[in-house]
Amino acid sequence: MADFHNKVVYQIYPKSFKDANGDGLGDLAGVIEKLDYLAELGVDYLWLTPFFLSPQNDNGYDVADYRRIDPDFGTMAEVEKLIDEAGKRGMGLMFDMVFNHTSTEHEWFQRALAGEEKYQDYYIFREGEPDQPPTNWVSKFGGPAWAYVPQLGKWYLHLFDKTQADLNWENPQVRRELQEVLKFWKEKGIKGFRFDVVNLISKPAEFADDVEGDGRRFYTDGRHVHEFLQEMVRESGIEGMVTVGEMSSTTLENCIRYSCPQDKELSMVFNFHHLKVDYKDGDKWQLMPPDIKSLKELFAKWQEGMQAGQGWNATFWCNHDQPRAVSRFGEDGAWREKSAKMLGACIHLMRGTPYIYQGEEIGMTNAGYASIDQYRDVESLNYYEILCREGKSSAEALAILAARSRDNGRTPMQWSAEAYAGFSSHEPWLLPPDNYKKINVAAARQDQDSIFAFYQQLIRLRHEREIVAEGKISFLDRENEDVIAYERTLGADRLVVLCNFCGREVSLREKSLQDYQAEGLHRVLGNYEDVGQALRPYEVVVLANS
Ligand code: NOJ
């Protein structure tokens, strides 16, 4: 058994987790302060998003030095202490490697700008006229994917912000530099890595206009990506560490290859297809209620497909780029607690390694901002402009951001009902939603029936029952538009998970709850006290025969 199958990962966005020094920004000392809380929750690994030296144009995903700590977050001594203190509590650290691009403030890029050809070959520079970018590709944050450098007479590629220049992985020297970074952090004693948009690293031999789309088909799951990953793992000696790759617009076939043990690439992969079921015509900036039938079909495709190919999913609803799941797929008013528990069970009992994003375990909601001044995220600010330019009123553009902005997932962790949610003694860089007085860790810990207590049980189930970690999965009641249901099996053991995604009572179609009980299955977990006749609003019931 691979030793990440029965583990649970907790994602920390340090800037919003806990501010220990009272400057309004979360920091590493804040993470250390809260390790006992994380141990109480029961998670195994802590993935920290980047805290390396950075101008913070994309909140640390624009790295200026992979080996230095941004002073806003703390010091190397604090990183070492964090690794040590987490280890004492049985938790391993995973650091976030942003290897598709660097900040334009990175020394390599600065030397490229100064005319050093060696470093120009670290990036993707192309000669060209100032009014004619090499291709028509679009940046993921809006606008062209190329920026012009007048003093060089060249354009450079940036799939994200123009201060995030794409690295040239075709250059073996670049690959060696990055391997050294991995060795450096491995020696510090961390246990794993998360690789940012790592399926975009291999660019095409020729750069051409995309007549069908925004250019992504030319560089997504690119021609050398599997080779590059195998080499990276082999040469940096990180085989055996837990690794997860973030895969943008990827395919099942590629994800099997990224994560099947025999290919020696990564332990597991994130894909985002299930988080597009509320994008109208595939466009994040057009609102639509989530299509639960498609959600179920996507889960079935990826769960059963990865199983058939021996790949491994990282399962998740939330991260720092996504709105809060309870506001998006559940109901964040009267049914908040029930729907947050249902969503948690739905993800945690699937085949894969579950990730909890800070605050999810207490049912934190979207931010509820009503003014553009409250937003900080570069993507949100860019798209606000783009939407207004396209003819939307400010109110319409704000309604879209209220549902879609990445800042929804970045509001400060709600620790208590005190000022600024107990996150800081100073006004935070991003304001918490008003509901922090009710939704907070201190309140959750007083309540034996809290979402927090439910997440503790989910983690325990994975640790204690082999079927959760290793069982086969198959989907049930597939035609039901409101229910996501699946069965896990391991030898004679069975575990059935039935989730109602709507606010009304719903009957199962294939077999009733009573049929399952008649087969010898009994309730092991749920968000109602007993097993009813049908699934009640946002109910989850978990049944097992042992
Ligand atoms: C994915 C990260 O999760 C996101 O926050 C970041 O903006 C992009 N990659 C670019 O690094």
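## Buried charge pairs and a small sheet

With a relative accessibility of 1%, Arg194 counts as buried. The model is a predicted one, and the exercises below begin from this residue.

**Exercise 1.** Determine which side chains meet that of Arg194 in a salt bridge, and whether these partners are buried or exposed.

*Solution.* Step one is to look for the acidic partner in another strand: the side chains of Asp96 and Arg194 form a salt bridge, with an N to O distance of 2.9 Å. This pair links distant parts of the chain, since Asp96 belongs to strand β5 (residues 92-97) and Arg194 to strand β11 (residues 192-195), the two being 98 residues apart. Step two adds Asp196, whose side chain also meets that of Arg194 in a salt bridge, here at 2.8 Å from N to O. Step three applies the cut-off, by which a residue is buried when its relative accessible area is under 20%. Asp96, at 1%, is therefore buried, and Asp196, at 7%, counts as buried too.

**Exercise 2.** Identify the salt-bridge partner of Asp377, and state which parts of the chain the pair ties together.

*Solution.* The partner is Arg406, and the closest N and O atoms of the two residues are 2.8 Å apart. Asp377 lies in the loop between β17 (353-357) and α13 (378-389), whereas Arg406 lies in the loop between α14 (394-404) and α15 (441-446), so the salt bridge ties together parts that are 29 residues apart in sequence. The next step is accessibility: Asp377 is buried, with a relative accessible area of 3%, and Arg406, at 6%, counts as buried as well. Finally, the pair can be placed in its network, in which salt bridges with shared partners join Asp58, Lys284, Asp321, Asp377, Glu379, Arg406 and Arg410. For the structure as a whole, the number of salt bridges is 40.

**Exercise 3.** Work out the strand order of the open three-stranded sheet that contains β7, and explain why one side of each edge strand is left without a neighbour.

*Solution.* The order is β7-β9-β8, and the pairing is antiparallel. The edges are taken by β7 (125-127) and β8 (146-149), and because each has a single partner strand, one side of each is left without a neighbour in the sheet. From one strand to the next, the twist averages 30 degrees. To examine one pairing in detail, take β7 and strand β9 (residues 154-157), which run antiparallel and are joined by three bridges. Within this pairing, Phe125 stands opposite Tyr156 in β9.

Definitions and conventions
Residues numbered from 1 in each chain as written. Predicted model: local features only at pLDDT ≥ 70, side-chain atom pairs only at ≥ 80, totals over all residues. Heavy atoms only, no water. Salt bridge = Lys/Arg side-chain N within 4 Å of Asp/Glu carboxyl O. Helix = DSSP H or I, 4+ residues; strand = E, 2+ residues; numbered from the N terminus. Buried < 20%, exposed > 50% of the residue type's maximum accessible area, 1.4 Å probe, protein only. Pairing = 2+ DSSP bridges. Axes fitted to C-alpha atoms, helices over the stretch in contact; angles between N-to-C directions.
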